[in-house]
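Got the model open in your viewer? Here's a short walk through it, one selection at a time.

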Amino acid sequence: MIQELHDKLINQEITATQLVEDYFKVIKEKDSKIQAFLTLTKTQALEEAKKVDEKINRGEKIGILEGIPYAIKDNILVKGVKTTAGSKILENYVASYDATVIKKLKDEGAILLGKTNQDEFAMGSSTENSGFFVTKNPWDLTRVPGGSSGGSAAAVSAQMCAFALGSDTGGSIRQPAAFCGIVGLKPSYGAVSRYGLISMASSLDIIGPLANSVEDAEIVFRIISGKDEMDSTSIDLSNSQNTEYSPARAGKIQNTKFGLPQEYFVKGLDKEIRDKIEAVIQKLQNQKIQITKKSLPSTPYALPCYYIIMPAEVSSNLARYDGIRYSPITNYPACAKPACRQGRALAGRQSPITNLYDLYFKTRGYGFGQEVRRRIILGTYVLSKGYYDAYYKKAQKVRRLIIEEFNKIFKDVNFLITPTTPTPAFKIGEKSTDPLSMYLSDVFTVAANISGLPAINLPIGFTKNNLPIGLQIIGPYGSDCSLLQIAKTIENIVKASL
Amino acid sequence: MDFTEINHLLELARLELSNEEKEKIAHDLAKILEYVNQLQEVKTDNLEPMAGGTFSKNILRDDEINSQKLNLEKEGYFEVPPIFD
């Protein structure tokens, strides 16, 4: 799709301005129902488009993303634009600098249309935990788009932008991509700079593209990835000494070996999803592609391991929010007047503020949403004296076990094929009262985050009720480029049979 | 988990909750902890804990002066935009 739009721009079949206007028209038509966007940046977008048009008119060469409209998850900083991470505690925060991914996209001339809705601080699997409103699934407005990058997934799926960026800590790109029927790439840990991404769990977070095709995801990934001196954990995948990146491996798909980890095809996996994946596997085998059943015995421990490590990092990362600067006073109870000062407002409560410490308790207690508070408390518990060894340290040991198992299996096979989600998109409200059932929607995606591995969601068809189904391919650490090549081939095989 | 324990955690995390929510959170935490306690069945005796998801070591740049950030002509001081007019 990006390539097509690019061709239209250089052949002057459409102007960048018209393209931007067209997308805003779709947004105007659809977004009142879907509610994917938190902020729109139309004025800036049209200014940028004008520049691109002038360049084309002058006969200058333009880059592949130049003039291409995109959307970005609201936990990624764009200078001068409101960046809330879906949280009331950052409701009035305007970013003072660009995230590295934004700088790279701006340098390429891509045009930002707006910032998309998400679960607060990326904590959730449905976008129901947004501090602002719930985004709906474009395929069925009574269902969730997935999360936490639900706004980005819905925006791409409903053609309200050409591509979007999201962040993935436990499945937050792949799971919404699966629910909305699009491609979502979670790159290897460190392959994309996290500078300017609002931290959730720093050892798990990664930024990646959500797109209409693998080719689009690849175009975007090539531009946003790379070593960044502002993120000391970032890596350069083109340096094969550091990683297992091997373009040769992606050559002929019949020479590539795939594994099916049996632990991903268990009770609880929706029958329609299982059938669809088995049908795809059959098609691949018909093309003489080698697929063998494999075992990753520690798989059932990935999710419990994640639910110790992630909240521990969350409790630490979110300690920085005091709720004083960017959170409007009206969010707190006992205050009717927006203009009244923080102290006076909260003093009206049963326990008046007497010192700064008291203020923190209230601003944090009322500024964060329920799920965020729950994870901060859980994280505080697993890190606290007397419980650290039994929970946090234990989980970090299990993490090694899971990583070692992946390393071992990747000596036998090049890639793993699994379902992305255990069920298709669920109803709004269906899981919001039971946190554990919500957590289980990430059961197939968290292992890649725990192990830093690249993984991609490919749409492979629909259920009887017309809900998208996703297939996940997981590769060895640093194999992002070959993973994308392989995914393209599989995408073509799946498309040819639809 | 009882209220004393919840209150202690809230103290550490600097959060105020209503009594109603304390009850709900105690209930939720009990369920989540029961779930994550599955890890206790895993044998991890000879395993070193990880500190992250990869085996990458510290990646350090050379200790060179960035002339954009440090102007040596001004006696090696850092130059920052003026704060007061």
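Two residues count as in contact, or touching, if their C-beta atoms, placed from the backbone, lie within 7 Å. With that in hand, select A:Tyr70: leaving aside residues up to four places away in sequence, A:Tyr70 touches A:Ala110, A:Ile111, A:Leu112, A:Leu113, A:Cys161, A:Ala162, A:Phe163 and A:Ala164.

Before going further, know that this is a predicted model, where local features need pLDDT of at least 70, side-chain atom pairs count only at pLDDT 80 or more, and totals for chains, interfaces and linings use all residues. Residues are numbered from 1 along each chain as its sequence is written, while chains are lettered from A and ligands numbered from 1 in the order in which they are written.

Next, grow the selection to the core. A nonpolar core here is a set of buried Ala, Val, Leu, Ile, Met, Phe, Trp, Tyr and Cys residues joined through C-beta atoms within 7 Å. Buried means that 20 or more other C-beta atoms lie within 10 Å of the residue's own, again placed from the backbone. The largest such core has 154 residues, and A:Tyr70 and A:Cys161 touch the most other members. H9(A) gives the most to this core, 10 residues.

Now show all of chain A. You'll find 16 helices and 11 strands; these are DSSP runs (helices H or I, at least four residues; strands E, at least two), numbered from the N terminus. Of its 498 residues, 57% are buried. The C-alpha trace spans about 70 × 65 × 45 Å along its principal axes.

Color by domain next. The assignment, automatic or from a database, gives domain 1 (1–298 + 397–498) and domain 2 (307–383). Their C-alpha centres lie 31 Å apart, and the contact takes 24 residues from domain 1 and 20 residues from domain 2.

Last stop: bring in chain B. Here 43 residues of chain A are in contact with 28 residues of chain B. Which helix should you select on the chain A side for the largest share? Pick H13(A), which supplies 10 residues. On that side of chain A there are 22 nonpolar, 11 polar and 10 charged residues, with Ala, Val, Leu, Ile, Met, Phe, Trp, Tyr, Cys and Pro counted as nonpolar, Asp, Glu, Lys and Arg as charged, and the others, Gly among them, as polar.

How values were computed:
A residue is buried if 20 or more other C-beta atoms lie within 10 Å of its own, exposed if 12 or fewer, and partly exposed in between; C-beta atoms are placed from the backbone.
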